[in-house]
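Thank you all for coming; I would like to walk you through one structure this morning, slowly and with the terms explained as they come up. Please keep the picture in view while I talk.

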Amino acid sequence: MWVVRHRYATFMAIVDTYRPADARAITAMYRRVFGQEASDANRLRWDWQYRRNPNCPPEGPQIWVAREGPTIIGQYATMPVRLMVNGQEISASWGMDVMVAPERQRQGLGEVLFRTWDRHVGASLGLGQSESSFHLFQKLHWPSVGPVPCLVKPLTRRALRRPNWPMPVNRFVSAVTLPFVRMVARVRPMTADVAPIRKFSGEFAALWERLAPKFAFIVRRDPQYLNWRFIEPPHVRYAVAALRRGGDAQGYAVYRHVWEPRGRVTLLVDFLADPDDEPGVLTLLRWVDREAREADSDKIRVFCMHEGFRRIMRRSGYFNVKSTAEFTAKINAIDVPPDFYEHTERWHVTWGDSDQDR
Ligand SMILES: CC(C)(COP(=O)(O)OP(=O)(O)OC[C@H]1O[C@@H](n2cnc3c(N)ncnc32)[C@H](O)[C@@H]1OP(=O)(O)O)[C@@H](O)C(=O)NCCC(=O)NCCS
């Protein structure tokens, strides 16, 4: 039982775990907080997102619910993952759909929900938060690592358009930058085999075991996780390509093409390869270039934390742009050095981590 005391409200709330009987009340609250469209989308995803996650604990989805008497007034729904931190594997959890009933917001309940979640997990992770949850993370003084850098590769003259610029300005910028875009976007040869796949097979388990020690921070990307995360979602369809040499899996890329207000974008949502294998990473990137061109995309966008990967991307025609993917990580299960959160050069975090790509 929590007595929540704030500047202008005191009330009693119980925070415990989700029960199937809560579903209807949580859906109603979701609709009030995020709107009808987001609520419908949430219902479409829910079973996959929570129950079918291979890391879902046997006792059920990792969702905390705040109750005031019989009424549900808040929830924190999270995505459990396995996380490798400096060679040690721990359980961790991405904070996702956190909400407080509108009449109870700004009265301290959000803080209670965040702290409850954090007490129960080996590491609490947040990516691409809303303004309110970003401020709440800051108020709690959790390490702020982000944002996860964003890079864009222009492919056509429309790539540099901005929705907030008037059309004549956009046309002028497109015309002036065209020779440069053509040079960056020219077709380059690939030096290994890349082919589309429909499923991550056992060979990706070996790839994971081989590559995991190369990263200081990375969510376990084994076939179980990858199939659940990128092959089975009911709400979004990804294309996946595997990089192979001599028949061995050496990497993969997950991407999709979307329409945005000023053009078509290919999102490189997730990928993995040996960061020291520059020809391999370049080959994967060139595959994505070809796919993007075939889909008539104006640009490719990727969020990528790892410095080595970003260096190769810049060599492949990607540029840094402002990132909106704020990132917070707090390791609880093991001790990490005091400067751990400052040295993110070998952290592999992409837009496909957490559930931001909806
Ligand atoms: C985010 C949310 C769960 C926080 O819950 P809450 O009960 O309102 O949070 P608290 O009262 O514990 O607030 C703690 C701190 O969070 C920050 N905060 C909360 N809401 C905020 C807002 N709307 N704008 C800016 N900061 C906010 C403030 O720093 C606040 O401290 P203060 O009240 O002393 O200034 C709640 O505001 C909510 O449901 N928001 C709408 C849904 C949403 O955006 N969810 C996040 C998706 S990532």
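In what sense do β4 and β5 pair, and over how many bridges? They pair in the antiparallel sense, over twelve bridges, where two strands count as paired if DSSP finds at least two bridges between them. The helices and strands I name are DSSP runs, helices being H or I over at least four residues and strands being E over at least two, numbered from the N terminus.

Before going further, I should say that this is a predicted model, in which local features need pLDDT of at least 70 and side-chain atom pairs count only at pLDDT 80 or more, while totals for chains, interfaces and linings use all residues. Residues are numbered from 1 along each chain as its sequence is written, and side-chain values use heavy atoms, with hydrogens and water left out.

Back to our pair of strands. Within it, threonine 78 has glycine 95 of β5 as its bridge partner, and in the hairpin, which has two residues between the strands, asparagine 86 takes a positive phi near 45°. Ten of the 13 residues of β5 are buried, so β5 is largely enclosed by the rest of the structure; buried means under 20% relative accessible area, exposed means over 50%, and partly exposed lies in between, with a 1.4 Å probe and protein chains only.

Valine 85 lies in β4, and it counts as buried because its relative accessibility is 1%. Leaving out residues up to four places away in sequence, valine 85 touches Ile90, Ala216, Ile331, Ile334, Val336 and Phe340, contact meaning heavy atoms within 4.5 Å. The C-alpha atoms of valine 85 and valine 219 are separated by 8.8 Å, although these two residues are 134 apart along the chain.

From β5 we can step to β6, since two bridges join these strands, which run parallel, and tryptophan 94 has leucine 125 in β6 as its bridge partner. Strand β6 (residues 123–127) is in turn joined to β15 by five bridges, and here the two run antiparallel, with leucine 125 standing opposite alanine 329. In a regular strand the side chains alternate between the two faces of the sheet. In β15 both faces are covered, with Phe327, Ala329 and Ile331 buried on one side and Thr328 and Lys330 buried on the other.

Now let us turn to another sheet. It is an open one of seven strands in the order β8-β10-β11-β12-β13-β7-β14, with mixed pairing. Strands β8 (193–197) and β14 (319–321) stand at the edges, each with a single partner strand, so one side of each is left without a neighbour in the sheet. Neighbouring strands here are turned by 30° against each other on average, direction ignored; axes are lines fitted to C-alpha atoms, for helices over the stretch in contact, and angles run from 0 to 180 degrees between N-to-C directions.

Helix α6 packs on this sheet, touching β8, β10, β11 and β12, and its direction makes about 100° with that of β11. Helix α7 (residues 223–231) lies across β10, β11 and β12, running at about 175° to β12. Seven of the nine residues of α7 are buried, so this helix is largely enclosed by the rest of the structure, and its buried residues pack against α2, β4, α6, β9, β11 and β12.

Where, finally, is empty space left, and which residues line the largest cavity? On a 1 Å grid over the protein atoms alone, a cavity is a set of points where a 1.4 Å probe fits but cannot get out, whereas a pocket is an open set with protein on both sides within 12 Å along at least five of seven lines, and lining residues have an atom within 4 Å of a point. The largest cavity is lined by Ala253, Leu268, Phe271, Val281, Leu284, Leu285 and Val288, and α8 gives the largest share of that lining, four residues.

The lining of the largest pocket receives at least two residues from each of α1 (23–34), β5 (88–100), α3 (109–120) and α4 (131–139), which brings us back to β5, the strand we met beside β4.
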